[in-house]
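Here is a short briefing to read alongside the coordinates. Keep the viewer open, and hop between the topics as you like.

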Amino acid sequence: KICIGRKVDPLPIFNLPREHSNTTSNFELIVYNLLNNMAQKPPLYNIFLDYIKEEVVIWTKRTPPQLLNVPAWAVSENFIEGPEGKKLLRILRNDRKLLEIYSNENNIKALLNKAFNRYLINLTLSEKTGFRLRLAKNLFKQWHKEIYSKEFDYIVLSPLLNFEVNKKIKIGDFELYPIKKSGKFLELEGQVYKMLGYDKIKKLKYFGDFPQYYYSFFSRGSAVRLKRRVKKPEDFYSVGRPHYPEYEEFKRDIDDFLCILRLFKEGDTRIENYFTSTTSIFQPDFVSYSGGIIYYGGYQYALVDNGEIKRLQHFYNRISERFKKNSSISNQLKIAIEYFNSSFNKLKTHEKLIDLLIALDALVGTAHETTYRTAIRTASLIAKNKDKRVSIYNYILDYLTLRGQLIHGKISPNDSKYTLKIEEAKKFIENQVRLIILQFLNKDKILSKKYIDKLEENVVL
């Protein structure tokens, strides 16, 4: 019935009788048209629920119910067999918005496959069987919102070894997360899943997706996360992939961020693993790019003081702009930054020292009289006071001589007589390289590829 102020005859398909056509209000006509359209074209919501209900019956008949207690992700790749599913597919493949995003029928069909897959997983994790209206309703809301989006959230997460924060910190696009180290496995597991974009473990397809071996990476420091919206590939739901093309860009940005942390102050922090997530419950791809943890030692990098955090945020805003101008940075400076970063990944102190001295050579070295001229240039760039310059000059000469003795086998890095000196040399040269890199990054005129020639003209001891 349509009851707007008075009764009208029951109309199964909402055909408005002619005798009421002259007396019916505009509002009644609007309601009539709305109901009539609903009768002729059931909402996508209703068809979706019917599709799930229908496919559950088919699935249950085909598969013994006892098998449903183990989640399986790809069980229904070709599982649009009932009339409701085929009806829903016809509607979706004629949807211009979806065609614009997914391009063809096979990719659109995958939207339904993943929806039913997800329903089976949710059913299993809730320890239920059959058709559950509430589960299906909640699933539709998430599914409908996601499939019409042209973008998806992509996350790259990395453990920062020897790094300490006591709260979540936002630096540009990057988020630094503290890791609770209570020793409780489930607590660490929950933290990792949350950082990967899943607030609850039950949103995942199954626990084995993220092997427990990986949790140890996060127990030795903190974590850095980069999350951005990226364009959804047209076959996003059709295939799994080893990684998305955006991964390389994300990884490069995280590596640059790590370099900025190292330039900001001392501390042996490093990244050996990268983990990615799509955050989609319908296509929850996890990929690990693992180098393996082989060394935990080093000087801890702590970032807990509020004043220091603010200085880092300002420092990042200034220095990150220089990194973005990659094409304007000289080859010498690029090589110096590469070896500066490489030194943090070496296990032995004398190897770190050698990498740092290569970085110093790239910054201020020359082809001729390199020991003398590298020392005098470093001293002149770092210090204004003459006595300070002479002191730095003497240290650089001594440590360059030490490097020659190490690489030519004149002394052994394992000889206890040289252990302390090598450690002191490494720390000293690291600080000089850090200061010179920052000078060159902060001065536009030195970013020229001919900066080494200008340096030759301007440096006076």
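Ser277 belongs to strand E6, which covers residues 273-277. In this predicted model, Ser277 is buried, and its relative accessible area is 0%. Its side chain still finds polar company: the backbone oxygen of Leu196 is reached at 2.9 Å, and the backbone nitrogen of Thr279 lies 3.1 Å from a polar atom of that side chain.

**Strands around E1**

- Strand E6 is joined to strand E1 by 3 bridges, and the two run antiparallel.
- One place to look for this pairing is Leu157, whose bridge partner in E6 is Phe275.
- E1 (residues 151-161) also pairs with strand E5 (residues 221-231), in the antiparallel sense and over 11 bridges.
- Within that pairing, Asp153 has Arg229 as its bridge partner in E5, while Val156 has Leu226.
- How much of E1 is buried? The count is 10 of its 11 residues, so the strand is largely enclosed by the rest of the structure.
- Strand E4 (residues 174-177) runs antiparallel to E5 and is joined to it by 4 bridges.
- For Phe174, the bridge partner in E5 is Leu226, the residue that also serves as bridge partner of Val156.
- As general background for viewing these strands, side chains in a regular strand alternate between the two faces of the sheet.

**Aromatic rings**

- The model holds 25 aromatic pairs.
- One of them is formed by Phe163 and Tyr301, a stacked pair with 5.1 Å from centre to centre and 20° between the planes.
- That pair links distant parts of the chain: Phe163 sits in strand E2 (residues 163-164) and Tyr301 in strand E8 (residues 301-302), 138 residues apart.
- Are these two residues buried or exposed? Phe163 is buried at a relative accessible area of 1%, and Tyr301 is buried at 0%.
- Ring pairs also build a cluster out of Tyr102, Phe152, Tyr154, Phe236, Tyr237, Tyr244 and Phe250.

**Charges over rings**

- Which residue lies over the face of Phe250? Arg228 does, at 5.2 Å from the ring centre, and Phe250 is one of the rings in the cluster just listed.
- Tyr301, a partner in the stacked pair, has Lys265 over its face, at 5.0 Å from the ring centre.

**Glu308 and Lys265**

- Lys265 comes up again in a polar contact: its side chain and that of Glu308 are joined at 3.2 Å.
- Glu308 is part of helix H10, which spans residues 306-324.
- With 15% relative accessibility, Glu308 counts as buried, because the cut-off for that class is under 20%.
- Apart from neighbours within four places in sequence, the contacts of Glu308 are Phe264, Lys265, Ala302 and Leu303.
- Put together, Lys265 lies over the ring of Tyr301 and makes a polar contact with Glu308 through its side chain.

**Glu246**

- Glu246 is found in helix H9, residues 246-264.
- Its relative accessibility is 18%, and Glu246 therefore counts as buried under the 20% cut-off.
- Which residues does Glu246 contact, leaving aside its neighbours within four places in sequence? They are Tyr154, Val230 and Lys231.
- Tyr154 is also a member of the ring cluster, so this contact is a handy link back to the aromatic topic.

**The chain as a whole**

- There are 16 helices and 8 strands in the chain.
- Of its 461 residues, 47% are buried.
- Among contacts with a separation of 6 or more, 74% are between residues 24 or more positions apart.
- The chain exposes about 24,100 Å², and carbon and sulfur atoms supply 51% of that area.

Conventions: Residues are numbered from 1 along each chain as its sequence is written. This is a predicted model: local features need pLDDT of at least 70, side-chain atom pairs count only at pLDDT 80 or more; totals for chains, interfaces and linings use all residues. Side-chain values use heavy atoms; hydrogens and water are left out. Rings of Phe, Tyr and Trp (its six-membered ring) pair if their centres lie within 6.5 Å; planes under 30 degrees apart count as stacked, over 60 as edge-to-face and the rest as tilted. Buried means under 20% relative accessible area, exposed over 50%, partly exposed in between (1.4 Å probe, protein chains only). A charge sits over a ring if NZ of Lys or CZ of Arg is within 6 Å of the ring centre and within 35 degrees of the ring normal. Contact means heavy atoms within 4.5 Å. Accessible areas come from the Shrake-Rupley method with a 1.4 Å probe; for residues, only the protein chains shown count as cover. Two strands pair if DSSP finds at least two bridges between them. A polar contact is a pair of N or O atoms within 3.5 Å; within protein, one must be able to donate a hydrogen and the other to accept it, and residues adjacent in sequence count only if both atoms are side-chain atoms.
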